[in-house]
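These are my notebook entries on one protein model. I set down what I looked up, entry by entry.

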Amino acid sequence: SIEFKTNNWNMLNDKIFRKMGFFISKKDVDDVVNCAPNAIERVLLQIKKKTETYLAQQRVKPTVTYEDESIKIPQAKLDLLEKLQALPPDQQMFYLADLIIGKDDQIKLLKEELKEKDAKIHELELEVKAKDKPVSYTHLR
């Protein structure tokens with residue numbers, strides 16, 4: 001069934017290809033399981049190239065090991081990778097740069113909020129200390 005084939009490709013993405021630093025896009029998986037023309041050839045060629053690159057970086061002989069890991073790639077990262085793969089290579093860097101700038105802006109805002117909250121905490125701590133001081137009645141005599 002198509003669902004079974006899709007699950008197999010997703011398992012390959014999660015268990016094998018992720019460890020090698022790449023994954024097969026949802027579109028490519030859909031094309032392969034639905035027998036789109038030339039899909040399997042395109043995907044196998046992609047896997048071959050990525051595997052050769054991985055092995056060259058690792059400088060090891062081609063061996064296959066299987067490990068059962070419960071770590072999954074968060075869906076947000078998979079979505080980001082899919083968006084990047086859909087973009088032309090010359091636009092991918094600009095997309096990532098925009099994301100980074102947006103995250104930097106978020107960090108600045110959060111730092112400002114934290115600074116304000118720290119100041120408020122300090123102010124409240126001073127009030128508590130003032131209220132905790134023993135009252136001196138010597139000036140009333």
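Entry 1: the core. The model I examined is a predicted one. I began with the largest nonpolar core and found that it has 11 residues in all. Its members are Trp9, Phe17, Met20, Phe22, Ile24, Val29, Val32, Val33, Ala39, Val43 and Ile47. I then looked up which elements give two or more residues to this core, and they are helix H1 (2-17), H2 and helix H3 (39-58).

Entry 2: the whole chain. I counted five helices and zero strands in the protein. Read from the N terminus on, the order of elements is α-α-α-α-α. The protein has 141 residues, and 16% of them count as buried. I noted an accessible surface of about 12000 Å², with 61% of this surface belonging to carbon and sulfur atoms. I also looked at contacts between residues at least 6 apart in sequence, and 49% of these join residues at least 24 apart.

Entry 3: Phe17. I returned to the core and asked which residues Phe17 touches, leaving aside its neighbours within four places in sequence. Phe17 is in contact with Trp9, Leu12, Phe22, Phe23, Ile24 and Ile47. Of these partners I chose Ile24 for the next entry.

Entry 4: Ile24. I located Ile24 in the loop between H1 and H2. Is Ile24 buried or exposed? Its relative accessibility is 2%, so Ile24 counts as buried, the cut-off being under 20%. Apart from neighbours within four places in sequence, the contacts of Ile24 are Trp9, Asn13, Phe17, Val29, Val43, Gln46 and Ile47. I also noted the C-alpha atoms of Ile24 and Leu12, which are 8.8 Å apart in space, while the two residues are 12 apart in sequence.

Entry 5: Asn13. The list for Ile24 includes Asn13, and I found Asn13 in helix H1. Asn13 has a relative accessible area of 7% and is therefore buried. What does the side chain of Asn13 reach? I found that it reaches the backbone nitrogen of Ile24, at 2.7 Å. Beyond four places in sequence, Asn13 is in contact with Arg18, Phe23, Ile24 and Val29.

Entry 6: helix H2. I turned to H2, which spans residues 26-33. Which residues of H2 are buried? They are Asp28, Val29, Asp31, Val32 and Val33. From this list I looked more closely at Asp31, whose place is in helix H2. With a relative accessible area of 17%, Asp31 falls under the 20% cut-off and so is buried. When neighbours within four places in sequence are set aside, Asp31 is in contact with Ala36, Ala39 and Arg42. Ala39 had already appeared in my list of core residues.

Entry 7: the loop after H2. I reminded myself that most residues other than glycine have a negative phi. Just after H2, however, Cys35 takes a positive phi of about 60°. Cys35 is not a glycine, and I placed Cys35 in the loop between H2 and H3. Is Cys35 buried or exposed? Its relative accessible area is 61%, which is over 50%, so Cys35 is exposed. Asn38 lies in the loop between H2 and H3 and has a positive phi of about 65° although it is not a glycine. I recorded a relative accessible area of 56% for Asn38, and therefore Asn38 is exposed.

Entry 8: helices H4 and H5. How do H4 and helix H5 (residues 89-132) pack? I noted an angle of about 145° between them, with the axes 9 Å apart. H4 passes H5 in a right-handed crossing. From H4, the residues that make the contact are Leu80, Lys83, Leu84 and Gln85. From H5, they are Gln92, Tyr95, Leu96 and Leu99.

Entry 9: Leu78. My last item was Leu78, which I found in helix H4 (residues 75-86). Leu78 counts as buried because its relative accessibility is 19%, under the 20% cut-off. I also compared its position with that of Phe23. The two residues are 55 apart in sequence, and their C-alpha atoms are 8.8 Å apart in space. Phe23 had come up before, among the contacts of Phe17 and those of Asn13.

Definitions and conventions: Residues are numbered from 1 along each chain as its sequence is written. This is a predicted model: local features need pLDDT of at least 70, side-chain atom pairs count only at pLDDT 80 or more; totals for chains, interfaces and linings use all residues. Side-chain values use heavy atoms; hydrogens and water are left out. Buried means under 20% relative accessible area, exposed over 50%, partly exposed in between (1.4 Å probe, protein chains only). Helices (H or I, at least four residues) and strands (E, at least two) are DSSP runs, numbered from the N terminus. A nonpolar core is a set of buried Ala, Val, Leu, Ile, Met, Phe, Trp, Tyr and Cys residues joined through side-chain atoms within 4.5 Å. Contact means heavy atoms within 4.5 Å. A polar contact is a pair of N or O atoms within 3.5 Å; within protein, one must be able to donate a hydrogen and the other to accept it, and residues adjacent in sequence count only if both atoms are side-chain atoms. Accessible areas come from the Shrake-Rupley method with a 1.4 Å probe; for residues, only the protein chains shown count as cover. Axes are lines fitted to C-alpha atoms, for helices over the stretch in contact, and angles run from 0 to 180 degrees between N-to-C directions. A crossing is left-handed if the near helix is turned anticlockwise from the far one by less than a right angle, and right-handed if clockwise.
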